[in-house]
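This report introduces a protein structure to a reader who has not met it before. Please look over the sequence and the model before reading on.

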Amino acid sequence: MARTRSLMVASEAFPLAKSGGLGDAVTGLAQALSRADTEVGLLMPAYRGVRERVVGTHHIAHLAGMPGGEATLVGALCPESGLPVYLLCNDALYDRHGLYQDEHGQPYADNALRYAALAHAAVRMAGGLPGARQPDILHAQDWHAGLVPLLVRAAGLRYVKTVFTVHNLAFQGMFPLACARELGIPESYCTDDGARFYDQLSFLKAGLRYADRITTVSRNYAREILTPEFGCGLDPLLRARAADLVPIPNGIDDILWNPASDPHLGRIGYSARKPAGKTQAKRALQNALGLHVERGAALLAMGSRLTEQKMADVAVQALPAAMERHPGLQVAVIGCGDHRYEQALVELAARYPGRCAVRIGYDEGIAHRLHAGADMLLHGSRFEPFGLTPLYAMRYGAVPIGSRVGGMADTIVDPGELGGDKAMLAATGVLFDGDSPHDMGQAIDRALRLYAQPAVWRCMQRNGMACEFGWDMAARPYIDLFASLAGASPRGQVPAPTIRPEPVPAYARHPLDGGIPVPLAY
Ligand code: ADP
Ligand code: GLC
């Protein structure tokens with residue numbers, strides 16, 4: 001059988017553009033697909049600075065009649081990832097300070113246009129452009145690429161199959177319905193049975209509604225999003241499409257995130273077998289952040305977006321109390337997000353000089369050094385589709401303290417307190433339920449009790465470091481999925497429609513409306 005040709009359509013791909021785990025997952029998966037001898041390309045916007053980081057740039061096409069104005073498509077190679085990339089160039093749309101927001105943290109007013117243009121470019125490629133490979137599969141990532149399945153359907157490109165991967169259902173890409181015409185979306189797709197959601201246009205819903213298959217990034221999250229608690233109002237649609245919803249857990253890039261050879265650690269290197277360097281990494285981190293250099297201090301790290309998803313609001317209450325209860329506790333934070341929580345953490349650092357250090361900002365190098373130097377990672381989440389950060393922490397011997405939600409419930413092994421400390425010899429972390437400062441504080445206390453037992457703690461560290469979460473294994477279900485979809489749709493043949501008539505769900509709740517049930521018909 002011919003090699004499957006897939007084109008990933010994404011707003012981020014490490015190292016060209018990254019705001020969080022999406023960028024890591026896109027690149028990690030694309031590299032694994034390429035290593036597995038499938039053909040994979042990546043289409044993304046040519047954000048500011050991206051063209052300077054790629055090589056072999058060649059013109060592919062002028063795209064006229066695009067939302068946001070005429071654009072150019074160029075092909076290139078990203079030397080760092082080794083991946084072929086297609087860049088959608090339109091400086092009026094993409095030559096900006098940030099990926100999604102301006103200097104003041106405000107989302108760009110024309111984000112609908114910016115990502116509609118990306119989807120249209122994907123569909124033009126699927127239709128065939130001289131000089132670009134025509135994909136069998138368009139693999140759309142998150143809401144930014146949510147219009148891809150809709151536009152493929154509208155263009156009648158039946159030989160191209162679409163897979164829509166949900167990395168985070170909470171980010172929905174909602175825009176006024178009145179934009180639809182400007183975005184090139186036919187009116188007939190703007191109904192409640194289509195992309196309309198609470199009288200708005202939802203890019204995310206467009207992806208969920210029209211993709212041939214939906215995937216999401218962990219098994220537990222795939223179950224959770226079928227419920228009103230985690231479904232962000234889209235659970236009725238997801239339940240209706242449950243037969244087409246495939247959980248495919250992410251992997252991690254175990255070369256980039258390898259404490260034995262991480263260039264961010266300078267000359268320090270260590271592994272589960274030779275753990276000595278971990279002590280050096282801790283000392284280096286304490287030094288770099290101005291913490292007291294104490295080997296015996298329990299160094300707890302937080303490295304994430306400082307938002308309510310990540311329980312930053314809970315952490316700013318739980319941490320001061322934990323520091324009072326445990327004089328041997330040190331805290332190190334790298335993060336950015338909600339200004340209130342940034343401020344509260346900066347104040348915490350001022351209150352506990354030498355015991356608490358906070359860096360507000362986004363810094364890939366510090367993130368690596370943080371995992372290497374920390375004894376434990378605090379990663380509370382109200383929902384967590386996968387959660388790459390706790391896996392990075394485990395690989396670096398920092399034991400995660402995470403919420404029992406989403407992917408973390410699948411990837412962190414915690415037999416629970418009832419089994420006693422012996423059971424923890426098989427653990428890789430500490431899981432907790434709830435989102436109160438008390439819940440989080442108790443989990444920190446429990447981790448510190450385990451930390452005080454070096455034999456148990458070393459076992460937990462080693463267990464985490466020994467886990468295999470590499471992308472090569474993780475990518476296999478995608479390869480099978482793509483092959484089955486492409487096989488079901490040989491080029492030029494017309495496949496049977498994949499959308500079955502869907503039951504009309506009774507009610508859905510909008511995530512932002514305080515919970516008044518609103519009738520919603522699909
Ligand atoms: P999410 O995608 O929800 O933010 P993940 O844990 O899956 O959560 O991925 C987060 C990624 O972003 C990780 O690679 C993490 O190291 C990185 N990250 C988050 N905040 C920062 C920061 N302030 N500086 C550097 N890297 C960060
Ligand atoms: C999202 C999720 C995170 C996941 C990442 C990569 O940003 O919040 O849980 O790990 O995407 O899939």
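The text below describes the domains, the contact between them, and the surroundings of two ligands.

**Domains and their contact**

The structure is a predicted model. The protein is divided into two domains: domain 1 covers 5–251 + 472–488, and domain 2 covers 263–466. Domain 1 and domain 2 have centres that lie 32 Å apart, taken over C-alpha atoms. To the contact, domain 1 contributes 22 residues and domain 2 contributes 15 residues.

The size of an interface is often expressed as the accessible area lost when the parts come together. Between domain 1 and domain 2, about 1,300 Å² is buried, and carbon and sulfur atoms give 58% of this area. Nine residue pairs are in polar contact between domain 1 and domain 2, with both residues at pLDDT 80 or more. The count of salt bridges between domain 1 and domain 2 is one. A salt bridge joins the side chains of K18 and E364, with an N to O distance of 3.1 Å.

**Ligand 2**

Where does ligand 2 lie with respect to domain 1 and domain 2? Ligand 2 lies between the domains, because domain 1 (5–251 + 472–488) and domain 2 (263–466) both give residues to the shell around it. There are 13 residues around ligand 2, and those that come nearest are H167, N250, E384, F386 and G387. By character, the shell around ligand 2 divides into five nonpolar, six polar and two charged residues.

Side chains reach oxygen atoms of ligand 2 at several points. For H167, an N or O atom of the side chain is 2.7 Å from an oxygen atom of ligand 2. For E384, a polar side-chain atom lies 2.5 Å from an oxygen atom of ligand 2, and for Q309 the corresponding distance is 3.3 Å. Taken alone, ligand 2 exposes 310 Å², of which the protein buries 94%.

**Ligand 1**

Around ligand 1 there are 20 residues, of which G21, D24, R305, K310 and T389 come nearest. The table lists polar atoms of the protein and their distances to atoms of ligand 1.

| Residue | Part of the residue | Atom of ligand 1 | Distance |
|---|---|---|---|
| K310 | side chain, N or O atom | oxygen | 2.8 Å |
| D363 | backbone, polar atom | nitrogen | 3.0 Å |
| L388 | backbone, N or O atom | oxygen | 3.0 Å |

Taken alone, ligand 1 exposes 560 Å², and the protein buries 94% of that area.

**Summary**

In this predicted model, ligand 2 lies between domain 1 and domain 2. The protein buries 94% of the area that ligand 2 exposes when taken alone.

Definitions and conventions:
Residues numbered from 1 in each chain as written. Chains lettered and ligands numbered in written order. Predicted model: local features only at pLDDT ≥ 70, side-chain atom pairs only at ≥ 80, totals over all residues. Heavy atoms only, no water. Near = heavy atom within 4 Å. Polar contact = N/O pair within 3.5 Å; in protein donor to acceptor, adjacent residues only side chain to side chain. Areas by Shrake-Rupley, 256 points an atom, 1.4 Å probe, with all protein chains shown as cover. Nonpolar A, V, L, I, M, F, W, Y, C, P; charged D, E, K, R; others polar. Domains from an automatic or database assignment. Contact = heavy atoms within 4.5 Å. Buried area = accessible area lost by both parts, 1.4 Å probe. Salt bridge = Lys/Arg side-chain N within 4 Å of Asp/Glu carboxyl O.
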